[in-house]
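Subject: Structure handover

Dear colleague,

Here is the structure I said I would pass on. My notes on it follow below.

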Amino acid sequence: MSLRLSTVILPYRRWHEGSRSAWARAEELGFHAGYTYDHLSWRSFRDGPWFGAVPTLAAAAGVTERMRLGTLVTSPNFRHPVTLAKELISLDDISGGRVTLGIGAGGTGFDATALGQEPWTPRERADRFAEFVPLLDRLLTEDAVSYEGDFYQAHEARNIPGCVQRPRLPFAVAATGPRGLRLAARYGQAWVTTGDPKLYEDGTPEQSVQGIRGQAEKLAGACAEIGRDVTELDKILLTGFTPDRGRPLESLDAFVDFAGRHVGLGFNEIVVHWPIPDSDFAADQKVFERIAMEAPAQLR
């Protein structure tokens, strides 16, 4: 299985002070896709500059021509399906049909309380996600949608002319639990994982691979339940959150070894963070660019 290599460019810099050039350079390097986080703020970046995902991707569409663009990931924490659908249809149009929506149930970070609400429990997040995804699917594929749910409503929401990509732009569903994996199986064109978070602090790379293998097997089971071939879904690994941390970006050989172990699990897209000095995503830019240009050919 050939590997697609993609990158996440965090929106922490002003567009004309480094962000624009990073997106353009990512396409020059041959990345399959350029993603960004869809957060209002995030962890150690909370007290510094941080820009919105959708406007950033719209701007990125203007300085790229081939590279796919997307979020890793959007969540219901501060999004509503009706307004999100309108933004996604617009973004898909601006980019000429190059958008992938990475979507997940969300967590308990700053986004969870920024609108003044109490943070939802894991069950509440799962309940909302189970309503959010099917409604968004309808909004992106039907001209007019009315819906009354427990958490979301739509009243004759119009989304004409729909997405450039048909029947809609692809969903990359981030999930590890049974309910999320069932949503990925039914609605996803791709599945996203960051690995097993319980292993991040004290686990080993070998344990991480085994944990991810278990997640992939559960995805296959969820697909089998509805009669879907799991190979229809792309499998995306967002790196930086396994026990390996930043080590795969220390050299070309280290990355090829890391990526090869996950290609062996069926992953066909691996996403690396664009280097950010003095952060968890610090890496040598020259080594990073060499990995971008040379690693995919070594992993065919």
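The barrel is made of eight strands, closing in the order 1-2-3-4-7-8-9-10 with parallel pairing. From one strand to the next, the twist averages 25°. Please keep in mind that this is a predicted model.

Within the barrel I looked at the pairing of strand 2 (residues 33-36) with strand 3 (residues 68-74), which run parallel and are joined by four bridges. A33 stands opposite R68 of strand 3, and T36 stands opposite T71 of that strand. Helix 2 (residues 53-63) packs on the sheet here, touching strand 2 and strand 3, and its direction makes about 170° with that of strand 3. Another helix on the sheet is helix 7, which touches strand 1, strand 9 (234-238) and strand 10; the angle between the directions of helix 7 and strand 10 is about 140°. As for strand 3, six of its seven residues are buried, so strand 3 is largely enclosed by the rest of the structure.

Next, one residue of strand 8. T193 is found in this strand, which covers residues 190-193. With a relative accessible area of 2%, T193 falls under the 20% cut-off and is therefore counted as buried. Leaving aside residues up to four places away in sequence, T193 touches T176, I212, Q215, I236, L237, L238 and F267. The T193 side chain also reaches the backbone nitrogen of G195, at 3.0 Å.

Last, helix 8. The helix has 14 residues (residues 285-298), which at 1.5 Å a residue should span 20 Å; the C-alpha atoms at its ends are 20 Å apart, so the two values agree. Helix 8 nevertheless bends by about 35° at A292, with a proline, P296, following within four residues. At the N-terminal end, D284 acts as the cap of helix 8: one of its side-chain oxygens lies 2.9 Å from the backbone nitrogen of K286.

Which residues of helix 8 are buried? They are F288, E289, I291, A292, A295 and P296, so the residue at the bend, A292, is on this list. The buried residues of helix 8 pack against strand 1 (4-8), helix 1 (19-28), helix 7 (252-263) and strand 10 (269-273). Helix 7 and strand 10 also touch each other, as described above for the sheet.

Regards

Terms used. Residues are numbered from 1 along each chain as its sequence is written. This is a predicted model: local features need pLDDT of at least 70, side-chain atom pairs count only at pLDDT 80 or more; totals for chains, interfaces and linings use all residues. Side-chain values use heavy atoms; hydrogens and water are left out. Helices (H or I, at least four residues) and strands (E, at least two) are DSSP runs, numbered from the N terminus. The expected span of a helix is 1.5 Å times one less than its number of residues. The bend at a residue is the angle between axes fitted to the seven residues ending there and the seven starting there. Buried means under 20% relative accessible area, exposed over 50%, partly exposed in between (1.4 Å probe, protein chains only). Contact means heavy atoms within 4.5 Å. A polar contact is a pair of N or O atoms within 3.5 Å; within protein, one must be able to donate a hydrogen and the other to accept it, and residues adjacent in sequence count only if both atoms are side-chain atoms. Two strands pair if DSSP finds at least two bridges between them. Axes are lines fitted to C-alpha atoms, for helices over the stretch in contact, and angles run from 0 to 180 degrees between N-to-C directions.
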